[in-house]
Amino acid sequence: DLVMWRDKQKSGSILGGVTVIWLLFEGIGYHLLTFLCHLLIIFLTVSFVWSNAASFINRSRPLLLLLSLILLYSPLRCALF
């Protein structure tokens with residue numbers, strides 16, 4: 001469906017996303033490692049803000065934070081480290 005442009009919104013979004021990625025890497029000279037590091041920084045910032053704001057707006061904490069806390073204090077951690 002995407003190749004045949006039956007769903008124009010999805011096909012256009014993918015084409016636009018691929019074009020932006022191509023411009024970043026080829027046109028501007030952006031590197032993949034730098035791009036991944038920036039994505040990780042943005043993800044960690046959003047996770048931190050969401051985690052801290054959750055108590056003020058009566059929402060649940062991010063699942064990833066809870067998963068990392070479970071792994072941090074689990075007996076499996078002692079076996080791995």
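## Exercises on a predicted four-helix chain

In this predicted model, F35 has a relative accessibility of 23%, and F35 therefore counts as partly exposed.

**Exercise 1.** Find out which residues form the aromatic pair of this structure, and describe how their rings are arranged.

*Solution.* Begin with the count, which is one aromatic pair in the structure. The partners are F25 and F35, whose ring centres lie 5.7 Å from each other while their planes stand at 80°. Since an angle over 60 degrees counts as edge-to-face, the pair of F25 and F35 is edge-to-face. Next, place the partners along the chain: F25 belongs to helix 1 (residues 8-27) and F35 to helix 2, so that the pair links distant parts of the chain, ten residues apart. Finally, consider the exposure of F25, which has 25% relative accessibility and is therefore partly exposed, because this class lies between the limits of 20% for buried and 50% for exposed.

**Exercise 2.** Work out which residues form a nonpolar patch on the surface, and where L36 is placed.

*Solution.* The patch consists of L32, L36 and L39, which together have about 280 Å² of accessible area. Of these residues, L36 sits in helix 2, which covers residues 32-54. The relative accessible area of L36 is 46%, so L36 is classed as partly exposed, and a patch residue needs over 30%.

**Exercise 3.** Compare the region that UniProt lists for residues 21-50 with the helix content of the model over those residues.

*Solution.* First take the record: an unreviewed UniProt entry lists residues 21-50, and also residues 62-80, as "transmembrane region". Then turn to the model, where residues 21-50 are 87% helix and 0% strand, with the C-alpha atoms at the two ends 27 Å apart.

**Exercise 4.** Describe the chain as a whole, and state where confidence is highest and where it is lowest.

*Solution.* Start with the elements, which are four helices and zero strands, running α-α-α-α from the N terminus. Continue with the surface: of the 81 residues, 7% are buried, and the chain exposes about 7300 Å², of which carbon and sulfur atoms supply 73%. For confidence, the mean pLDDT of the chain is 76, with 72% of the residues at 70 or more. Helix 1 has the highest confidence, with a mean of 87, whereas helix 4 (residues 75-80) has the lowest, with a mean of 55.

Conventions. Residues numbered from 1 in each chain as written. Predicted model: local features only at pLDDT ≥ 70, side-chain atom pairs only at ≥ 80, totals over all residues. Heavy atoms only, no water. UniProt positions renumbered as here; feature names shortened; annotations may be inferred. Patch = residues over 30% accessible without salt bridge, like charges linked within 9 Å, V, L, I, M, F, W, Y side chains within 5 Å. Areas by Shrake-Rupley, 256 points an atom, 1.4 Å probe, with all protein chains shown as cover. Salt bridge = Lys/Arg side-chain N within 4 Å of Asp/Glu carboxyl O. Buried < 20%, exposed > 50% of the residue type's maximum accessible area, 1.4 Å probe, protein only. Phe/Tyr/Trp six-rings, centres within 6.5 Å; stacked < 30°, edge-to-face > 60°. pLDDT = per-residue confidence, 0-100.
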